[in-house]
Amino acid sequence: MADLYARESRSVSKMAHLRFFPQAVVGGSGAYLTGDDGRRLLDFSASWGAASLGHAHPAVRDAVNRALRDQAGASYLSSANEPCVLLAEKLLSLVPARARGRVWFGHSGSDANETVARVVVAATGRPRLLAFEGAYHGGTVGSMAVSGHPAQQGARAAGLTLVPYPNSYAAGSPEAAKAAALAHIEELFATVLPPEEVAAFFIEPIQSDGGMLVPPDGFFQAVEAICRKHGILVVSDEVKVGLGRTGRFNAFEHSGIEPDIVVYGKGLGGGLPISAAVGPEAIMNHAVAFSLQTVHGNPVCAAAALAVLETIEHDHLAENAASTGQALREALQGVAARHALIGDVRGRGLALGVELVVDRATREPAARQTALAVLRAFQLGLVVYYVGVNSNVLEFTPPLTLTKSQALEGAALLDEALADVAAGRVDETLLADFAGW
């Protein structure tokens with residue numbers, strides 16, 4: 001094992017500033033990655049959800065090859081291209097009627113959320129925005145400005161107000177979490193935050209990087225009602241949890257709401273860089289050249305994205321996410337019954353989180369043990385990362401093509417990793433050069 005780490009450390013030495021655990025890969029197929037040491041790794045992250053169909057999916061590969069054989073330019077800035085137009089039409093058919101206006105294409109969820117944050121203020125003339133504590137809307141200056149994750153060091157926007165995301169586990173019940181979060185919003189509007197100055201409320205249907213938090217039933221319906229009352233736009237960030245991952249195409253569908261603007265990224269390109277913001281024409285067409293980069297609307301990436309959407313539908317991958325996700329969740333609950341380290345198992349479909357705690361009664365975060373579990377799982381052949389404002393939630397966002405047998409295989413590897421952590425069989429010095437959030 002020491003030799004393995006030496007080899008992998010050399011492989012990633014040029015990326016040492018990232019301070020990840022020493023994982024280096026040279027290939028992959030389906031739900032598996034190939035390490036530079038030849039090991040086969042079961043991938044329960046899919047590059048934070050970006051490899052939505054898994055690795056080297058033939059539909060994505062074939063679409064990219066076709067687009068490159070007769071390439072329709074490299075941009076949509078001055079010339080429409082067929083893959084981009086077809087993709088826009090497809091996305092417009094998949095959002096609520098109130099969002100069915102125009103599509104803006106970018107490279108990532110970060111630039112899409114940044115663009116939306118800028119345009120809603122400009123188009124409405126309202127200078128303020130709402131988002132949640134713990135929210136991660138991106139890593140650019142503008143997207144960090146409307147985020148609330150404590151790991152980010154960027155400055156918050158002057159007009160941003162952060163409100164608590166309901167955490168049912170921490171609050172003791174969904175009802176308590178819902179009541180407290182809604183009361184906080186109402187109190188803000190009644191005292192220090194004039195609602196008529198708020199342009200939009202950025203929501204995450206599941207708060208992924210904040211700890212894979214699932215909202216209580218009825219919470220976002222109540223939030224939507226508040227927004228409608230005050231003319232506030234609802235922006236649903238579907239970047240990590242949308243596109244079939246939760247068992248429905250859009251994650252917001254579980255909450256029974258209709259957002260005004262929907263943002264897609266990560267898995268949209270099946271591993272290629274593309275994002276989209278879909279919203280009303282009056283907002284999205286606010287000004288010419290409002291937000292553009294040269295290769296926005298790249299036909300190769302658009303072709304890949306169209307193949308992803310068609311595959312999700314044709315292969316019933318949202319349904320697979322629901323059924324396989326249920327099998328994985330049940331397996332993880334079985335693991336939880338054997339390990340006191342696990343305080344909570346939560347999520348929807350193939351967007352799942354396992355919160356590790358030092359003590360189930362106090363719910364004290366087990367950050368060190370979480371990092372050790374991730375490292376040990378990697379040694380055993382399972383790729384999983386962690387999230388959460390306290391860095392203690394294992395996040396599962398595997399490919400939508402994951403099978404039930406693979407789900408059970410991964411749960412068994414996690415079971416073994418947690419047993420080794422609890423028994424002190426994992427070398428803690430390995431954490432010296434590893435930092436997550």
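Here is a quick tour of one buried alanine, one strand hairpin and one helix pair.

This is a predicted model, where local features need pLDDT of at least 70 and side-chain atom pairs count only at pLDDT 80 or more, while totals for chains, interfaces and linings use all residues. Residues are numbered from 1 along each chain as its sequence is written, and side-chain values use heavy atoms, with hydrogens and water left out. Helices (H or I, at least four residues) and strands (E, at least two) are DSSP runs, numbered from the N terminus.

**Around A112**
- A112 sits in helix α4 (residues 109-124), and it counts as buried because its relative accessibility is 0% (buried means under 20% relative accessible area, with a 1.4 Å probe and protein chains only).
- Setting aside neighbours within four places in sequence, A112 is in contact (heavy atoms within 4.5 Å) with W104, V263, S275 and A276.
- S143 is 31 residues away along the chain, and its C-alpha atom is 8.3 Å from that of A112.

**The β11/β12 hairpin**
- Strand β11 (residues 342-348) has five of its seven residues buried, so it is largely enclosed by the rest of the structure.
- β11 pairs (at least two DSSP bridges between the strands) with β12 (residues 351-359), antiparallel over six bridges.
- I342 stands opposite L356 in β12.
- Two residues lie between the strands of this hairpin, and G349 takes a positive phi near 60°.

**Helices α2 and α10**
- Helix α2 (residues 58-69) packs with helix α10 (residues 299-314) at an angle of about 150°, with axes 8 Å apart (axes are lines fitted to C-alpha atoms over the stretch in contact, and angles run from 0 to 180 degrees between N-to-C directions).
- Residues making the contact include A63 and A67 of α2 and A303 and A307 of α10.

Notes. Buried means under 20% relative accessible area, exposed over 50%, partly exposed in between (1.4 Å probe, protein chains only).
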